Each structure stands twice: as structure tokens, then as C-alpha cells.
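Please open the model in your viewer and keep the sequence panel visible. The stops below go from single residues to whole chains and then to the place where the chains meet.

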Amino acid sequence: MRFPYKPSPHIKANVSTTHVLHTVLLALLFVAAWSIVIQYINFGADYAIRAVFIILTACATAFVTDIAFYLIKTDGVKYTTLGERLKATLPKAFKEAPLVTALILALSLPVGIPLYAVIVATIFAEFIGKLIFGGVGSNLFNPAAVGIVIAGLAFGSTIVPPDAYAGATPMATIASHYNWRITEAVGVQFICNHCSLGHIFFGAVRGGIGEAARPAILIALVFLIYKKVIDWVVPVVFVGTVFVATLIFGSYLCLGLWYPVLHVFSGSLIFGAVFMATDPVTTPVNRQGRILFAIFLAMITLIIRFNATHTEAMGFSILIMNMFVPFIDRKTGNITTSKPWAKAAVLCIAWVCAIGLALGISIMLG
Amino acid sequence: MDNHKQPNVNLKEVFFVNIIRENPVFVMLLSLCPILGVSSNFVNAISIGAMTGLVILLTNIVVSLLSRIIPNEVRIPVLITIIATSVTLMEMLVHAYIPAMHFALGIFLPLIVVNCVVFGRAEAFAIRNKLIPSIVDALGVSAGILLALGLMGFIRELLGTGAIDLFGLYFRLFPEHFAIPLFIMPAGAFIVLGMIIGIIFSVKMMKQEKQDGLLKNKSVTKA
């Protein structure tokens, strides 16, 4: 009998950074295409064309930012002509995955945002979120989340211009007017009129570009899990925690089962859970850490949703949790020595604490 | 303290070293309270810079004159008393003669008393140097602070509102609805400050690398 023998390293699967990024890019392009079509069907060609322009602007800006950065940054090699220098720069710029960042960012922005705001937000996301730290792989914060927060903070007043494209979206009204505490019959009526669950799921409610494509996001999730690009526990634990916590909160407000479903499917919660909370660079390394990350991400998202007037909580909560990733990694680093029941106990305690904290703070302040 | 006095200091060096190479804000990271708090507006930034400079000048003069009689053991309380006195004096003068500036700067004017640069210059320079070098040092540090605050205020006001007000000389670079209000918020101060510090340090590192490369080449050719 012969045993086939090869010297190490034994490559189990052909997975590289480029491969991972290309798979995510494919999923993102699918979501983008679906959402553009949905915009066209639901709101007409105006919206679809605007969405296309926003996505293209973000991609082009991210790419140009990368190229400019590597043209300015010297690497000790002297090039005689500009063409030669540009040729050496292009692969580096491609390696930074500008399109992934730009697409995640563009799909989280509302259709009504002016194009220059898209440009500014993308430059901030690429440059401050990624390149300053040393490029993709070294960044501490999710670059797309940086861009989303910058867009929300810097253009908060102008992001919703009083034109036909985006008045206050129904989600913004729920967030700022009701703070997600829909107690009066008026609030329930508002939701029935403007954003029934079917409307929300199939993207008939105005909001971010990518939010319209929830079926596509779920398909992309299955695809990415099948390709083993993302870990399934993060979106599942995150969405599950949000669901359970809002179920409790809904019963506290005497609301039905539709309330947690509304929470899960509204805003960019699912989009963020699939594409931002699973970023391999800015999330913990091992599974226990990832579950902890997802639990506390849900907690912060809910606290922001219930107590702040911001429409989008995902950007802020992702950035806040990114800060704790080195800490989580250090505390969960030694996974081979700790016992399984100890790990499970820690996770259960963390889960109960997170839900309790989120609901306690919200009820106390509300 | 007398034997600690350094008799010969290069006045030109004392003045210019504080402007770029040892800039109190960008290199030594002192005086961050006014830099982050008041620099959202060019005029306010320049005003608080000028006030800080005047306070440094005053304390440096007084401390270097009194350095002979200040006992070394209690020099810190004495310095703090001198600084607090001069800041209070300045604040009263501003309140009396430039009420608009007093209104605009508000709490940041008395907060100069906790500005590290003032205490740092008194403790590190004025107490062990003679009068003239202390005055030159105060002027140099003031110039450094004014440069830093002016730069920050200029960038933040220009990007944050699209227009700049240079003491009555008003011009607009781009319409207001293209402005990025993030830059006049506190977060913008951190971003702009970090960018400037990053640029200064990368230029420094590039220079250092060049020098090291030259030295290496020299040693190679010698060998």
C-alpha cells in the first residue's frame, strides 16, 4: 500500500486574501444589482439612476484615493517615467480592495445623498479608515463603517434634502420621532400605513440603497457561508440576540410578534450583520471571540436604536465594537486549554448580561 | 539656582527651534486644550494663541527675574502662583478692554492657567536662564503656538464652513452647502490635528532616513 506523501505545508483549501475579497465582491455586486432593479420597480427610473451614480462614484473615488496614496507614498524605488510609476502603483491599489469598501459604503447610504457627500465619505473611509493604518489587513476599524459614520455626522443636516428623493424615510421617523417605542395607536397605524413587514422585506420602503435588497442579502449570506468566506455564527448570533431582546421589549410594550421582526428587517441591520460584522480583519480571530463580538454588537445596536435619534445604528455599533476586538482576542486567545463547558458558560452569561443591559438601559432612560 | 544658569545660549537657536522642530503643539503635544476647543474658527484661534503667548511672556519674565530668590524646594507652587496671577491679570484686562473677545473665548481664557506650555517654559527654561534668553524663548514658543492654532483654525473654518474670516477680510472658497460641518465639530479637531502631526512626523522620518542612507553610503565608500 502506498501513502501519497508531500512535504509541508499541507494546503487544505485554496483560500487566499484575494480569493476571499473576490467572493465578497461578487456577493456585493449581486446585492447592488438586485437593489438597483428593486429601486427601479418600486420608485421608478430616477431612483435607480441615482443609485447607480452613487455606487459608481463611490467605487471610482475609492480607487482614485488608493492610487493617489501609493503615488505619493515613496517605497524607496525610483521610477523614471510617470507611466512606469503608475504601473507599479496599480497592483498595490487593487490589493487594498477599494471596491469592497466602496460598495459596502455606497449600499448603506440613502438615495437622497448628494454625490459630493459620497465622495467625501469614501475618501474618509479609504484614507482614514484603511490606508493610514497600513492598508487592508492592518486596519483597526471597519473602513466602510467609518465612511457611514462620517457621512451621517458630517452631512447629517444635508443628507435629507427636502426634495423628491428623500424626505424623512419611514425608518427615520420611527427612529427619531418614536425612538422605536411604539406605544400609541398612532404609531402602530403609522407602521401599518408606511412600512408593513412585506413592504420592508421586499424593499418598498425608502432607505439605504442596499437595504432594498433583503432577499438578495440573504442569498448572499448563504453563498458566503457555503464558500466558507464568513463564519455563520456571527450573523446568526447577532440577529438572534436582537430578535430575543426586542421580543422581550415588545412584550413589555404590549406589542405582538411583528415588533421583533420589524427590528430585524428594518434599517441596515441585516446588511451590516452579513457584510460588516463578518469582516475578517476587524473582528475577533476565533469563534468564541466572534460570538462575544456579535452579542455585544447587538447590545450596542439596540441601545443606540432605543436611546438615540440616529436612523442608522449599525455604523456606530460596529466602530464601537471594533475598538474592543484586540481585548476580546487577548481574552479568548487560549482556546485550546479552556474547557468547553467554561466557554459555553461564559457565552451564556455574556448573552444574558447583554440583553439585560440593553433592555435595562432603554427602559430606565425611556 | 544660580549655578544652574547657562550663561551662553544661542538666541537665534532658542527662537527658531520652538517654531517647527520643537513646536509645542505639533511635536511636544502640549497646549491641546485650546487646540481642540477653540480652533474651530480662525479669529478665535489666533486670539487665544495671542493670549497664551502674552501669558508665557509675562511668566517667563517674572520667573527669570525671580529665579535667584525662588527656593528650589517650593519652586512649583511659586511658579503656579505666578502663572495664575498673570492669567487672571490678562483675563481682567481682556474683559475690560476687548469684551467681544472675552465673550467669544469664554472659559478657555481662564483655562490658560492649566496650559502645560506656560508651566513647561517656566520650569524648563525661564527658571534657569537669564532675562533676555527667557524673553526670546517666550516669543519663540508663542510664535509656535500661534502658527499651530492659526493653521488649525484656518483649515477647520475653511473646510467646515467654506469661508474664512481673516479679521474682517472675508472671502468664500465654496458655497456653504458644500461645506463639511464635521470639521467644526470636536471630532474634526482630532482628525485635523492627527493629520498635521502625521505629516510632520513622516517628513521628519524621511529626512532621518535620508541622513542614515548618506551615512551608510559614506561608511561603505570609506571601507
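Select A:Thr283 and show its surroundings: with residues up to four places away in sequence set aside, A:Thr283 touches A:Ala277, A:Thr278, A:Phe293 and A:Val325. This is a predicted model, and every value on this tour is computed from it. A:Thr283 sits in the loop that joins α13 (269-276) to α14 (287-307) of chain A. Now add A:Asp279 to the selection. Its backbone oxygen lies 2.6 Å from a polar atom of the A:Thr283 side chain. Is A:Thr283 buried or exposed? The relative accessibility of A:Thr283 is 6%, and buried means under 20%, so A:Thr283 counts as buried.

Next, go to helix α4 of chain A, residues 98-108, and pick out A:Ile104 within this helix. A:Ile104 has a relative accessibility of 6% and therefore counts as buried. Which residues is A:Ile104 in contact with, leaving aside neighbours within four places in sequence? Display A:Leu28, A:Ala144, A:Phe271, A:Phe275 and A:Met276 as sticks; these are the contacts of A:Ile104. For a distance check, select A:Leu319 as well. A:Ile104 and A:Leu319 are 215 residues apart along the chain, and their C-alpha atoms are separated by 15 Å.

Zoom out to chain A as a whole and switch to cartoon. The secondary structure of chain A consists of 16 helices and zero strands. Chain A has 366 residues, and 50% of them are buried. Among the contacts in chain A with a separation of 6 or more, 77% are between residues 24 or more positions apart.

Colour chain A by confidence. The mean pLDDT of chain A is 83, with 88% of its residues at 70 or more. Then select residues 159-167 of chain A, where the pLDDT is below 50. Beyond near neighbours in sequence, this stretch has 19 contacts in the model.

Turn to chain B. Its secondary structure comes to eight helices and two strands. Following chain B from the N terminus, the elements run α-α-α-α-α-α-α-β-β-α. Along the principal axes, the C-alpha atoms of chain B fill a box of roughly 65 × 60 × 25 Å. Chain B has 223 residues, of which 39% count as buried. Of the contacts in chain B with a separation of 6 or more, 74% link residues 24 or more positions apart.

The last stop is the interface. Show both chains and select the residues in contact across it: 10 residues of chain A and 10 residues of chain B. Between them the two chains bury about 850 Å², with 83% of that area on carbon and sulfur atoms. Which residues of chain A lose the most area to chain B? They are A:Tyr116, A:Phe124 and A:Ala154, which together make up 46% of what that side buries.

On the side of chain A that touches chain B, α5 (115-127) and α6 (143-154) each supply at least two residues. The largest share, four residues, comes from α5(A). By class, this side of chain A has 10 nonpolar, no polar and no charged residues. How many salt bridges does the rule find across the interface of chain A and chain B? The count is zero. For residue pairs in polar contact across the interface, with both residues at pLDDT 80 or more, the rule also finds zero.

Conventions
Residues are numbered from 1 along each chain as its sequence is written. Chains are lettered from A and ligands numbered from 1 in the order in which they are written. Side-chain values use heavy atoms; hydrogens and water are left out. Contact means heavy atoms within 4.5 Å. Buried area is the accessible area (1.4 Å probe) that two parts lose on being put together, summed over both. A salt bridge is a side-chain nitrogen of Lys or Arg within 4 Å of a carboxyl oxygen of Asp or Glu. A polar contact is a pair of N or O atoms within 3.5 Å; within protein, one must be able to donate a hydrogen and the other to accept it, and residues adjacent in sequence count only if both atoms are side-chain atoms. Ala, Val, Leu, Ile, Met, Phe, Trp, Tyr, Cys and Pro count as nonpolar, Asp, Glu, Lys and Arg as charged, and the others, Gly among them, as polar. pLDDT is the predictor's confidence in each residue, from 0 to 100. Buried means under 20% relative accessible area, exposed over 50%, partly exposed in between (1.4 Å probe, protein chains only).
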